Amino acid sequence: MNSDVEHSEPVLNNIKIPFYRHDLGEAEVQSFRAALQDPILTTGKVTATFEEHFAAYMDSTYALAVTSCTGAMHMALIALGIGPGDEVITTPMTFIATGTAILEAGATPVFVDVEPDTGNIDANLIEQAVTPRTKAILPVHLYGLMVDMKAIRDIADRHDLYVIEDAAHCIEGERDGIRPGALSDAACFSFYATKNMTCGEGGALIVNDESLYEDLRLIRLHGMTKTAYDRSREGYAHWDMVRMGWKYNLSNLDASLLIPQLDRLSCNHEKRQRLAKAYEAVLAPMQGVEIQTDRPRSVNARHVYNVWIKAKPRDEVILGLRSLGIETVVNYRAIHLHQYFRELGGYAPGDFPVAEALGNAALSLPFYPNMPLEHVQTVCEALETLLSS
Ligand SMILES: *Cc1c(COP(=O)(O)O)cnc(C)c1O
């Protein structure tokens, strides 16, 4: 247990079962304290240590710690030379950041509809969306269930496309022996407040190609050839700015919070699996809800526990659960129907019907590693009552 840091009372004090609670505690306090002893607060030795450990955990050659997954995806696109005039194929069943990262790079997101039983991009529909402008595929491993990376790699090879993974949900995931980063040019992770590992705000990318890695290092920090940490070790030397860069470096302080969490990932993942199995046992046979279908030979990273509400308007269920003190969120309403994407791409309801139907039904139930198992029963009973009334 790592629960020495007490959570303050929730703002809305009639919440009995919160959607999420982090498990940062004494291990993180100690690591943060140690990081404060280092004269360098910005990106330095602690960040480098985290990167080494994260690369080892993910079995990749290189890892770069950055301030967000959104930034990580933007950087990956830039480093691969993707920009104005280029198209990137992605899914509308995701957080908006998958789409905005493509826009930040100056490229155009091209949405492809999703599988009805997983919510993941439908690999069978990707090829018909490929045009002479297509440069990359950017799949999302929704809720922690990996997409079929072998199929996506095959399509990418046939059409000479890059693959960048939005693995924000999928640190612990695996499918057919393949993990995030294994078959792509870059995989991007989020350490946002509710992710499986968190420092409040943060992210990372993993890559195996050395020159891509070197370019990403420049892109991460203004295109500068030396960092403050380099100067602290090597003495002052003029640095040059050799390419356009951004400001995406993760500080030592933030990285210090992540290091101890790597040791808890597998234990926390087991806890998530146990809770997910408990949910599944009750919800799989329940009328009016559907759950994500697992794929054979896959390990679901279990970022959130989503159900699709079929028997009632989803929003009524959110309010009903809330009145019983149960907090839920929506991951996600299909992003092409948000006003900005709609205006930009001329989208209308009906364009991606599967994603839209799932997005109108999606509900993420309370789910976090140290959630008491009894909460699962309470949530499921509340859900059943609401669905049958
Ligand atoms: C959280 C999330 C992101 C954004 O991560 P940030 O670190 O907040 O930028 C992107 N994609 C998906 C699928 C996410 O869940």
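The following questions and answers concern a predicted model.

Q: Which residues come nearest to the ligand among the 17 around it?
A: The ligand has 17 residues around it. Of these, the ones that come nearest are Thr70, Asp166, His169, Ser190 and Lys195.

Q: How much of the ligand's exposed area does the protein bury?
A: Polar side-chain atoms of Thr70 and His169 lie close to ligand oxygen atoms, at 2.5 Å for Thr70 and 2.7 Å for His169. Taken alone, the ligand exposes 390 Å². The share of that area buried by the protein is 93%.

Q: What is the distance from an oxygen atom of the ligand to an N or O atom in the side chain of Tyr332?
A: Tyr332 is placed in the loop between H9 and H10. The peptide bond that leads from Asn331 to Tyr332 is cis, with omega near 5 degrees. Most peptide bonds are trans. From a ligand oxygen atom to an N or O atom in the side chain of Tyr332, the distance is 2.9 Å.

Q: How many residues apart in sequence are the parts that the pair of Phe111 and Phe352 ties together?
A: The structure holds 14 aromatic pairs. In one of them, Phe111 and Phe352 meet edge-to-face, 6.1 Å centre to centre and with 75 degrees between the planes. Phe111 belongs to strand E3 (residues 108-111) and Phe352 to the loop between helix H10 (339-345) and H11, so the parts tied together are separated in sequence by 241 residues.

Q: Are Phe111 and Phe352 buried or exposed?
A: The two rings belong to one aromatic cluster, which also holds Tyr340, Phe341 and Tyr347. The relative accessible area of Phe111 is 5%, and that of Phe352 is 12%. Because buried means under 20%, Phe111 and Phe352 both count as buried.

Q: Which elements are included in what covers the buried residues of H11?
A: Helix H11 spans residues 353-361, and its buried residues are Ala355, Glu356, Leu358, Gly359 and Ala361. Their cover includes strand E11 (305-309), helix H9 (314-323) and strand E12 (362-365).

Q: With which residues is Met75 in contact, leaving aside its neighbours within four places in sequence?
A: Met75 lies in helix H3 (residues 69-79). Its relative accessibility is 0%, so Met75 counts as buried. Beyond its sequence neighbours within four places, the contacts of Met75 are Val66, Leu205, Leu216, Ile219, Arg220 and Tyr248.

Q: Which residues does Asn268 touch, not counting those up to four places away in sequence?
A: Asn268 is part of helix H8 (residues 252-283). With 6% relative accessibility, Asn268 counts as buried. Outside the four places on either side in sequence, the residues touched by Asn268 are Asp23 and Pro369.

Q: What is the phi of Tyr143?
A: Tyr143 sits in the loop between strand E4 (134-138) and helix H5 (149-159), and is buried at a relative accessible area of 2%. Most residues other than glycine have a negative phi. In Tyr143, phi is positive, near 65 degrees.

Q: Where is Asp176 found?
A: Asp176 has a positive phi, near 50 degrees, in a residue other than glycine. Its relative accessible area of 22% makes Asp176 partly exposed. Asp176 is found in the loop between strand E6 (174-175) and strand E7 (186-190).

Q: How far does Arg233 lie from the ring centre of Tyr229?
A: Arg179 lies over the face of Tyr57, at 5.3 Å from the ring centre. Arg233 is placed over the face of Tyr229, where the distance to the ring centre is 4.1 Å.

Definitions and conventions: Residues numbered from 1 in each chain as written. Predicted model: local features only at pLDDT ≥ 70, side-chain atom pairs only at ≥ 80, totals over all residues. Heavy atoms only, no water. Buried < 20%, exposed > 50% of the residue type's maximum accessible area, 1.4 Å probe, protein only. Helix = DSSP H or I, 4+ residues; strand = E, 2+ residues; numbered from the N terminus. Contact = heavy atoms within 4.5 Å. Phe/Tyr/Trp six-rings, centres within 6.5 Å; stacked < 30°, edge-to-face > 60°. Lys NZ or Arg CZ within 6 Å of the ring centre and 35° of its normal. Near = heavy atom within 4 Å. Polar contact = N/O pair within 3.5 Å; in protein donor to acceptor, adjacent residues only side chain to side chain. Areas by Shrake-Rupley, 256 points an atom, 1.4 Å probe, with all protein chains shown as cover.
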